[in-house]
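Q: Could you take me through this model feature by feature, giving the general idea of each reading and then the case at hand?

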Amino acid sequence: MSQTAFKTVASPRTDQTAAATPSEPFLLIENVVKRFGTFVALEGVSLAIQPGELVSFVGPSGCGKTTLLRAIAGLDPATSGRIVQADRDITGLPPSQRDFGIVFQSYALFPNMTVSENIGYGLRGPEWPKSRARERVQELVALIGLGEHALKYPAQMSGGQQQRVALARALAGEPGLLLLDEPLSALDAIVRLHLRSEIRALQRRLGVTTIMVTHDQEEAMSVSDRLVVMSKGRIEQVGTPDEVYRRPASGFVASFIGRSTAFDGVVEAGGVVRAKGVAFRVDRAAEMTPGTEVRVYIRPEDVMLGNSISLNPAVGAGWHRRVGEQFNPR
């Protein structure tokens with residue numbers, strides 16, 4: 001059976017969140033299974049998310065990313081497995097007893113309430129006396145830059161403004177976990193680009209652990225500390241955007257994340273793959289037996305054209321980026 005070979009590039013880890021990873025995860029998902037009748041939507045999913053991380057679930061439609069988010073929230077409880085948040089087993093708890101805020105794709109704002117009333121809707125009970133709730137609402141309205149719109153209703157605001165209100169409402173109760181279910185997909189491209197930068201800046205400022213479901217690869221690559229790539233109810237790979245893009249764990253990840261050219265070849269001695277008379281040096285081929293049939297994936301930026309076609313030796317020798325710069329494939 002054909003195996004998979006990749007043109008891989010070594011690069012230093014510059015992700016400060018990953019470098020400072022604590023030993024105890026904030027959210028631990030262990031062997032979670034979710035069934036809808038005979039259909040298995042999640043099959044033995046396990047994942048650890050650290051405090052303060054922004055992790056994105058990505059994958060094709062129907063891969064299970066939204067189902068996993070809803071299992072974490074308790075909206076679609078797991079059929080089996082365990083979910084632990086801040087050392088507290090929340091597997092069997094209803095949503096009301098879990099510590100999270102959630103933003104939906106549709107915003108779900110109350111049309112008959114003002115911006116301030118929408119944000120403060122959940123601030124009730126002995127923990128939130130009126131004076132404290134009022135101060136919290138004012139703080140959040142200022143934080144999202146909508147102070148002059150506090151008395152407006154959702155219908156009087158743009159889609160981007162409504163999404164900011166939904167985000168502020170999710171953060172109002174100071175949750176330990178923020179869940180974003182494709183929060184920007186209903187917005188136009190320019191607003192989406194601006195708002196995702198705002199969400200990332202706000203998340204970093206508050207330090208809230210965040211999970212985002214998105215079908216937009218560029219969005220996930222630009223704002224996430226780590227990506228969780230899913231397919232058919234399973235996790236294919238977990239890693240920083242750099243790791244997933246430069247060192248994909250499978251053919252699916254290589255073809256789904258970013259752009260690549262794929263072709264079949266045969267491994268030769270010395271880590272060389274030959275395809276249609278052209279020889280390529282491939283890192284992982286060195287670990288394979290000569291004669292093994294493989295599928296090779298090459299990123300377009302790793303190829304240079306001249307009198308002959310070859311892998312760019314400058315890129316092949318190593319790939320670097322400035323510390324703190326978000327990786328964003330073109």
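The dialogue below moves from the overall make-up to the cores, a pocket, and a few backbone details.

Q: Before any detail, how many helices and strands does the protein have?
A: Please keep in mind that this is a predicted model. The protein has 10 helices and 17 strands, and of its 330 residues 48% are buried. The accessible surface comes to about 16400 Å², with 51% of that area belonging to carbon and sulfur atoms.

Q: What share of the contacts between residues at least 6 apart in sequence join residues at least 24 apart?
A: The idea is to take the contacts between residues at least 6 apart and to see what part of them spans at least 24 positions; in this protein that part is 67%.

Q: How should I read the largest nonpolar core, and which residues have the most contacts inside it?
A: A nonpolar core is a set of buried nonpolar residues joined through their side-chain atoms. Here the largest one has 33 residues, and those with the most contacts inside it are Ile119, Val165, Leu167, Leu171, Leu178 and Leu180. At least two residues each are supplied by α3 (115-119), α4 (130-143), α5 (159-171), β8 (177-181) and α6 (189-206), and α5 gives the most, with six residues. Apart from this core lies another, of 26 residues, among them Leu27, Ile72, Leu177 and Val228.

Q: Which residues does Leu167 touch, if those up to four places away in sequence are not counted?
A: With those neighbours set aside, Leu167 touches Val103, Leu178, Leu180, Ile199 and Leu202; Leu167, Leu178 and Leu180 are also among the residues with the most contacts inside the largest core.

Q: How is empty space found, and how much of it lies in the largest pocket?
A: Rolling a probe the size of a water molecule over the atoms shows where empty space is left. In this model about 510 Å³ of space lies in the largest pocket. Its lining consists of 19 residues, and Phe100, Gly101, Gly122, Arg169 and Ala170 lie nearest the pocket's centre. Both β7 (101-103) and α5 supply at least two lining residues, with the largest share, three residues, coming from α5. By class, the lining has 11 nonpolar, four polar and four charged residues.

Q: Is helix α2 mostly covered or mostly exposed, and what follows it?
A: To judge a helix in this way, one takes each residue in turn and asks whether its relative accessible area is under 20%, the cut-off for buried. Helix α2 (residues 65-73) is mostly covered, since seven of its nine residues are buried: Lys65, Thr67, Leu68, Leu69, Ala71, Ile72 and Ala73. Of these, Ile72 also belongs to the core of 26 residues. The helix is followed by Gly74, whose phi is positive, near 85°.

Q: Which phi does Ala86 have, and where is Ala86 placed?
A: Ala86 is not a glycine, although its phi is positive, at about 50°, and its place is in the loop between β5 (80-85) and β6 (88-89). Because its relative accessible area is 45%, Ala86 counts as partly exposed.

Q: What can be said of Ala108 in the same terms?
A: Ala108, likewise not a glycine, has a positive phi of about 55° and is placed in the loop between β7 and α3. Its relative accessibility is 39%, so Ala108 counts as partly exposed. From Ala108 to Ala166 there are 58 residues in sequence, but the distance in space is 7.5 Å, C-alpha to C-alpha.

Note on methods: Residues are numbered from 1 along each chain as its sequence is written. This is a predicted model: local features need pLDDT of at least 70, side-chain atom pairs count only at pLDDT 80 or more; totals for chains, interfaces and linings use all residues. Side-chain values use heavy atoms; hydrogens and water are left out. Helices (H or I, at least four residues) and strands (E, at least two) are DSSP runs, numbered from the N terminus. Buried means under 20% relative accessible area, exposed over 50%, partly exposed in between (1.4 Å probe, protein chains only). Contact means heavy atoms within 4.5 Å. Accessible areas come from the Shrake-Rupley method with a 1.4 Å probe; for residues, only the protein chains shown count as cover. A nonpolar core is a set of buried Ala, Val, Leu, Ile, Met, Phe, Trp, Tyr and Cys residues joined through side-chain atoms within 4.5 Å. On a 1 Å grid over the protein atoms alone, a cavity is a set of points where a 1.4 Å probe fits but cannot get out, and a pocket is an open set with protein on both sides within 12 Å along at least five of seven lines; lining residues have an atom within 4 Å of a point. Grid points are joined across faces, edges and corners, and a volume is the space filled by probe spheres set on the points. Ala, Val, Leu, Ile, Met, Phe, Trp, Tyr, Cys and Pro count as nonpolar, Asp, Glu, Lys and Arg as charged, and the others, Gly among them, as polar.
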